[in-house]
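Biologist: Before we discuss the terms used for this model, please show the sequence and the structure. I should then like to ask what each term rests on.

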Amino acid sequence: MADRRRINGPPGGTRPPVFASVQQSSTGAADRARRQRQPAELRKIFLKTGLIPTASGSSYLEFEPSASLAAARSNPKSLIPPSSALKLACTVHGPKPLPRSAAFSPNLVLTTHVKYAPFAARKRKGHIRDASERDLGVHLETAIRGAIVAERWPKSGLDITITVIEAEDDRWWGDAPNSHDASWGMMNVLAGCITAASAAIADARIDCLDLVSGGVAALVADDESPSSTGAPRLMLDMDPAEHQSIVSACVVAYMPARDEITELWLKGDSSRAALEKDDERTGHEALVDGAVDAARGANTVLAEAVKESMERSIAQV
Amino acid sequence: MASTTASHATPPSLSLPPSQFARLQPHAYLLAHLSPPAASNQPSLRANGRAASQFRVTSANAGSLTHTNGSAVVRIGDTAAVCGVRAEILNTEDIASWSVSHASDEQTDDKKSKSEEGDTDSQDKEDRAHIQDLNLLVPNLSLSTGCAPGFTPGAAPSALAQSLSHQLLSLLHSTRLVQADDLRIWYQPPNLEAEALGEQMDVDSEESGNPAREIKAFWVLYIDVMIISLAGNPFDAAWASVLAALRDTKLPKAWWDDDNETILCSDDIADAKKLSLRGLPIASSFCSFEADAAAGWRSVIIPDAEEQKAQEQKQKKQGMQQRWVLADPDGYEEGLSQERACVVVDKENDGKAKTVIVKMEKHGGWALDGDDMRQLVDVSAQRWDEMKRILDQC
């Protein structure tokens with residue numbers, strides 16, 4: 001049934017445009033974006049707090065565009081973007097009293113909403129949250145819940161809302177029609193959500209054990225990898241559009257001061273990994289360690305943003 | 001208990017800091033700002049430091065989103081709107097009534113457009129018919145982004161969001177901003193008969209002519225506006241973002257591929273075409289603030305117009321203003337006023353010719369009269385110049 005509260009398009013439905021160049025060359029490998037960063041090099045993060053004054057806390061997060069995207073932006077040739085960079089806005093409302101109808105809770109009741117804008121991804125998203133967005137919300141809630149000192153606010157609620165304005169690609173667009181592996185882009189989005197939510201919570205002055213930040217690492221099997229065995233290599237903060245095949249990926253929400261992981265989400269087969277010769281770790285351990293390293297990197301940005309937020313509030317008084 | 005409170009050396013202060021006064025007595029707070037005591041020699045300013053007809057600082061930025069055909073971010077003060085335009089294809093085969101209602105019109109249209117372009121009246125009608133009947137413009141505004149505490153995310157769009165979406169749609173239709181011709185994808189069938197017959201009878205080929213050009217598909221523009229931050233006056237920000245995004249929109253070159261029987265597009269940016277928009281309608285919103293806090297409640301009895309006018313004149317002489325029209329109200333001011341007005345103006349010939357009122361709306365009271373509205377149009381015309389400069393820069 002048509003959504004009567006929104007303006008619907010033509011009743012017969014519409015189709016996304018099909019580009020002729022994609023049909024002609026099915027491989028198009030020459031155009032694939034390549035990772036320009038070192039395996040352990042992270043993308044720059046732009047994080048700012050307090051952009052939304054009506055909310056008790058807010059933040060805006062943006063990933064640095066990859067080299068190929070930056071080139072495409074400065075010198076546009078094709079209408080098909082090579083990759084995309086995460087952009088999201090996070091607001092925190094609360095702590096506020098729970099509605100009368102809600103059951104008694106001795107702790108702060110946390111609700112998280114993650115919603116993609118309809119234009120966030122390569123494929124148009126609907127206005128109603130789908131299962132993957134709800135899933136992201138649940139993961140985010142687990143990550144944040146471990147960091148908040150919830151017993152300080154009995155009978156109160158805290159709403160965390162994230163609007164993803166631009167999401168990461170799940171894979172390179174040229175591979176999209178005939179690949180059915182996991183949606184890797186979601187993992188980057190989750191890591192961004194965790195970092196942004198943490199900044200917004202700090203901006204709202206909610207007591208936390210530590211600033212929790214998100215990090216991603218992946219085991220990547222590319223054609224041109226130098227290891228002769230072809231075993232997948234560890235990459236921190238991967239951009240799925242830059243890799244041919246991602247074997248396994250992991251997101252962590254990590255609190256550096258306590259060396260504690262509040263959320264761990266691992267997908268794929270992490271048993272095989274090409275590590276250094278004297279490295280005794282299994283692929284799984286290396287992957288989680290890599291994600292933690294990425295989270296540590298994000299944490300430095302997060303700490304800066306929270307410091308700015310504090311300075312701003314002190315200046316106001 | 002009593003002894004402990006008494007033991008405090010200093011008695012509790014009776015004065016409140018401004019921020020608390022603003023929360024406890026919002027109406028009196030704003031009134032005190034607008035009508036300062038004559039002795040203080042202060043100008044009449046709003047609580048946010050703006051003059052009555054002053055708009056907030058506006059900034060716009062276009063084309064920053066990757067997965068859109070056109071996008072824009074507009075900030076008006078603390079209100080921020082992000083708009084993304086996505087173009088998708090509607091095949092005429094998917095339109096239920098297409099073959100019945102339009103197949104016959106096409107040939108006449110085609111002849112008309114060939115013979116003369118100047119027949120604007122019928123062209124307008126046809127534009128309207130295509131864009132409105134086929135829903136080629138689909139604007140939707142979302143407030144469930146956590147933009148303000150009142151809106152629960154994940155819930156169905158609130159009445160405000162629905163009304164704003166509809167206002168955007170009706171303004172897009174009434175201004176005829178987008179030309180239907182930009183949205184049509186034409187197909188010229190090859191003249192197979194002429195080729196086949198050409199060898200035998202060269203003479204007749206001129207008579208048979210080319211088969212008529214037909215519309216194979218339309219572009220549908222999904223215009224989605226996310227209000228990221230709401231601090232009053234969402235409509236102006238939303239409309240400005242839609243306008244900026246449409247100005248930024250590029251549609252790829254599309255054609256009907258006879259072999260695949262689909263529409264194909266070229267991804268070359270040199271082939272892509274910008275939309276040619278009709279004019280630049282700019283929206284300006286206002287609210288009316290009454291000195292009498294109960295003005296909105298007592299209006300059950302229709303006041304005697306003459307009597308009230310005389311009274312107003314008297315008060316004006318005494319230097320007491322009873323009503324202020326505030327341009328671009330923020331969230332605080334919107335909560336204190338009942339009556340709203342919205343004026344959409346455009347200037348012909350790129351701002352050199354006369355001002356045209358595209359839409360005028362006033363609701364919630366009867367305090368604003370004809371003279372006031374005339375002034376508002378003048379203020380809106382000034383705003384047009386300012387917004388044009390901002391939109392041209394982005």
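Biologist: How do you know what separates the centres of domain 1 and domain 2 of chain B?

Modeller: The centres, taken over C-alpha atoms, are separated by 31 Å. The assignment gives domain 1 of chain B as 27-47 + 285-393 and domain 2 as 58-96 + 124-187 + 213-278; such bounds come from an automatic or database domain assignment. This is a predicted model, in which local features need pLDDT of at least 70 and side-chain atom pairs count only at pLDDT 80 or more, while totals for chains, interfaces and linings use all residues. Residues are numbered from 1 along each chain as its sequence is written, and chains are lettered from A and ligands numbered from 1 in the order in which they are written.

Biologist: What makes residues of domain 1 of chain B count as in contact with domain 2 of chain B?

Modeller: Two residues are in contact if their C-beta atoms, placed from the backbone, lie within 7 Å. By that criterion, 14 residues of domain 1 of chain B are in contact with 17 residues of domain 2 of chain B. Helix H14 (331-334), strand S13 (339-347), strand S14 (355-363) and helix H15 (370-393) of chain B each supply at least two residues to this side of domain 1. Helices (H or I, at least four residues) and strands (E, at least two) are DSSP runs, numbered from the N terminus.

Biologist: Why are S7 and S9 of chain A called edge strands?

Modeller: Two strands pair if DSSP finds at least two bridges between them. Four strands of chain A form an open, antiparallel sheet in the order S7-S6-S8-S9. Strand S7 (233-236) and strand S9 (260-268) of chain A each pair on one side only, so they are its edges.

Biologist: How do you know that S8 and S9 of chain A pair?

Modeller: Eight bridges join strand S8 (residues 245-255) of chain A to S9(A), and therefore the requirement of at least two is met. One pair of bridge partners is A:Met255 and A:Glu260, the latter in S9(A).

Biologist: Which strands of this sheet does helix H5 of chain A touch?

Modeller: Helix H5 (residues 283-316) of chain A touches strand S6 (213-221), S7, S8 and S9 of chain A. Its direction makes about 140° with that of S6(A); axes are lines fitted to C-alpha atoms, for helices over the stretch in contact, and angles run from 0 to 180 degrees between N-to-C directions.

Biologist: How many residues does each chain give to the contact between chains A and B?

Modeller: Chain A gives 46 residues and chain B gives 52.
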